[in-house]
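Reader: I'd like a close look at one part of this model, the nonpolar patch on its surface. Could you walk me through what makes it up and what lies around it?

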Amino acid sequence: RRLTPQVRRRSAGRLARHSRTERAGIVLLTLASLILIWSLVDDLALRIALVVLLLLVLPAIVVIALDRRT
């Protein structure tokens, strides 16, 4: 046995399932959606509601769009 600890190269979390390009796309599209919400919607309460809705629906959108099981 080796006495030095083995270094893991890849993380085992949920984001590890997607490539770096896919993760960047998810972040960029989310930021673009947030910018559009804040620039196009005037009412503050509606803005907050839309941001919360976006953050709640985002995992489902990612699974539907980038699922590799099929």
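**The nonpolar patch and its surroundings**

Author: Let's start with the whole surface: the chain exposes about 6,600 Å², and carbon and sulfur atoms supply 65% of that area. Keep in mind that this is a predicted model. The chain's secondary structure comes to two helices and zero strands. Of its 70 residues, 14% count as buried.

Now for the patch you asked about. It covers about 740 Å² and is made by Trp38, Leu44, Ile48, Val52, Leu53, Leu56, Val57 and Ile61. Helix H2, which runs over residues 44-66, gives the most to this patch, with seven residues. Trp38, on the other hand, is found in helix H1, residues 20-40.

How open is Trp38? Its relative accessibility is 38%, so Trp38 counts as partly exposed, since that class lies between 20% and 50%. Ile48, another patch member, has its place in helix H2. With 45% relative accessibility, Ile48 falls between those cut-offs too, and therefore counts as partly exposed. If you want to see how these two patch residues sit relative to each other, go by their C-alpha atoms: Ile48 and Trp38 are 10 residues apart in sequence and 9.0 Å apart in space.

Step back along the chain to Arg47 and things change. Arg47 is found in helix H2, but its relative accessibility is 18%, which is under 20%, so Arg47 counts as buried. You can check its surroundings with another C-alpha pair: Arg47 and Ile37 are 10 residues apart along the chain, and 6.3 Å separates them.

One patch residue takes you on to another feature. Ile61 belongs to the patch, and Ile61 also helps line the second largest pocket. That pocket holds about 190 Å³ of space. The idea behind finding such places is simple enough: rolling a probe the size of a water molecule over the atoms shows where empty space is left. Alongside Ile61, the lining includes Glu22, Gly25, Ile26, Leu29, Thr30 and Ser33, as well as Leu54, Leu58, Val62, Ala65 and Leu66. H1 and H2 each supply at least two residues of this lining. By character, the lining residues divide into eight nonpolar, three polar and one charged.

So, if you're clicking around the model, Ile61 is a handy place to stop, because you'll find Ile61 listed both in the surface patch and in the lining of the second largest pocket.

Conventions. Residues numbered from 1 in each chain as written. Predicted model: local features only at pLDDT ≥ 70, side-chain atom pairs only at ≥ 80, totals over all residues. Heavy atoms only, no water. Patch = residues over 30% accessible without salt bridge, like charges linked within 9 Å, V, L, I, M, F, W, Y side chains within 5 Å. Areas by Shrake-Rupley, 256 points an atom, 1.4 Å probe, with all protein chains shown as cover. Salt bridge = Lys/Arg side-chain N within 4 Å of Asp/Glu carboxyl O. Helix = DSSP H or I, 4+ residues; strand = E, 2+ residues; numbered from the N terminus. Buried < 20%, exposed > 50% of the residue type's maximum accessible area, 1.4 Å probe, protein only. 1 Å grid on protein atoms, 1.4 Å probe; cavity = no way out; pocket = protein on both sides within 12 Å on 5 of 7 lines; lining within 4 Å. Points joined across faces, edges and corners; volume = space filled by probe spheres on them. Nonpolar A, V, L, I, M, F, W, Y, C, P; charged D, E, K, R; others polar.
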